[in-house]
Amino acid sequence: MLQVIDQLSDSPIVRAALYASLLFGAVKLTTFSLSLLALVFDLFILPATDFNKYGAKKGSWAVVTGASDGIGKEYATQLAAKGFNIVLASRTLSKLELLATEIESKHKVSIKVLAFDVSTDAEDNYLRLAETIKDLDVTILINNVGQSHSIPVPFLETGEKEMTDIITINNTATLKITQIVAPQILKTVEKSHKKVRGLILTMGSFGGLLPTPYLAVYSGSKAFLQAWSAALAGELAPKGIDVELVISYLVTSAMSKIRRTSATIPNPKQFVRSVLRGVGRRNGAQERYATSTPYWSHAIMHFAIENTVGVYSKFANKMNFDMHKSIRTRALKKAERQKHQQKQQ
């Protein structure tokens, strides 16, 4: 190859430019190959994360927000199966009590429940959370509570309440809850003389990974969590607490309004299993610190977008715009049909 370059030009400047291009291409090919190899190992080859380092079956507690349904319920159930006691926090007390009974009888762990409507941002909620966990050996926090738009909507047409609720639930409440629970995790880690580690997982989204027209407020709230979570990871890693943002594409849930699974849309059980299996690994988020895209098809999608058009590209933005505009059109037509049917009844 070097001989070919020498033959192409007698100009030292041209040859230097060709050598630089060759070197740059070799570096890019090497980094891409290593990232791809890491993705394959993370997703399909490396063994599942050992949760003994987080205090499994040692009397440790996990706090799970948004715990009564869907992904939150699965986090609580699967962590209980690993031997953690669980603090269930969510809005509806009756659902929490039912889930508590179910988990206690099946996994023989201790459960505490806390009815907590995060959308109110009420000081009493945070005080009750602090009181609930003050004597517990907490090692894990799952920041799962979240809200999106009811349907895709232009930012200029977004209602004030919906906008405020999204920011309050996704950002303000998540930060305040973490400020309450993380010191308790730190206390547990220090008490063990760092024989156990702490873990904070916060739910991100492809809506935060890629700027998403028609979901602008939700997209911005999740992008905020990306920067905050990575910054927090840098602060807490030396203190024995692992922090990760968990990125997902669609999952069957009440929030996504999707009921049927597919290769790219797992159910909550499948998704949470992939999260817990890959804690500590980036999976599809190879270019991001303290971030994981754990479900195999989501990981491949993330990796492909990042290494082709780029997550901030005009092309990706336009694709998102067209998709969510179409979803909005269909949702509005469905609402109009239902309204018409109600008038006829």
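What follows is a chat about the strands, helices and annotated residues of a predicted model.

Student: Before we start, what kind of model is this, and how are residues numbered?
Tutor: This is a predicted model, in which local features need pLDDT of at least 70 and side-chain atom pairs count only at pLDDT 80 or more, while totals for chains, interfaces and linings use all residues. Residues are numbered from 1 along each chain as its sequence is written, and side-chain values use heavy atoms, with hydrogens and water left out.

Student: OK, what order do the strands of the sheet come in?
Tutor: The open sheet has seven strands in the order S3-S2-S1-S4-S5-S6-S7, with parallel pairing; strands (E, at least two residues) and helices (H or I, at least four) are DSSP runs numbered from the N terminus, and two strands pair if DSSP finds at least two bridges between them.

Student: And which strands stand at the edges?
Tutor: Those are S3 (111–115) and S7 (291–292), each with a single partner strand, so one side of each is left without a neighbour in the sheet.

Student: Let's look at S5. How many bridges join it to S4, and how many to S6?
Tutor: Four bridges join S4 (residues 138–143) to S5 (residues 198–203), with Ile 140 partnered by Leu 199 and Ile 142 by Leu 201. On the S6 side, six bridges join S5 to that strand, and Thr 202 has Leu 245 as its bridge partner there.

Student: Is S5 buried or exposed?
Tutor: Six of the six residues of S5 are buried (under 20% relative accessible area with a 1.4 Å probe, protein chains only; exposed is over 50%, and partly exposed lies in between), so S5 is largely enclosed by the rest of the structure. Gly 198, Ile 200 and Thr 202 point one way, whereas Leu 199, Leu 201 and Met 203 point the other way. In a regular strand the side chains alternate between the two faces of the sheet.

Student: Which helix goes between S4 and S5 in the β-α-β unit, and what hand does that unit have?
Tutor: Helix H6 does, and S4, H6 and S5 make a right-handed unit, a crossover being right-handed if, with the strands pointing away from the viewer, the path from the first strand over the helix to the second runs clockwise.

Student: Now the annotations: where does UniProt put the active site?
Tutor: The unreviewed UniProt entry places the feature "active site" at Tyr 218, and such annotations may be inferred rather than shown by experiment. Tyr 218 sits in helix H8 (residues 216–236) and is buried, with a relative accessible area of 8%.

Student: What does Tyr 218 touch?
Tutor: Leaving aside neighbours within four places in sequence, Tyr 218 is in contact (heavy atoms within 4.5 Å) with residues including His 149, Asn 170, Ser 205 and Met 255.

Student: What about Ser 205, then: what is listed there, and where is it?
Tutor: UniProt, again in an unreviewed entry, lists Ser 205 for "binding site", and this residue lies in the loop between S5 and helix H7 (206–209). Ser 205 is buried, with a relative accessible area of 11%, and, not counting residues up to four places away in sequence, touches Tyr 218, Lys 222, Val 246, Ile 247 and Ser 248.

Student: Changing topic, how many residues does H11 have, and which are buried?
Tutor: H11 (residues 314–344) has 31 residues and reaches 45 Å from its first C-alpha to its last, close to the 45 Å expected at 1.5 Å a residue, where the expected span is 1.5 Å times one less than the number of residues. Among its buried residues are Ala 316, Asn 320, His 324 and Arg 328. An α-helix has 3.6 residues a turn, so residues three or four places apart point the same way.
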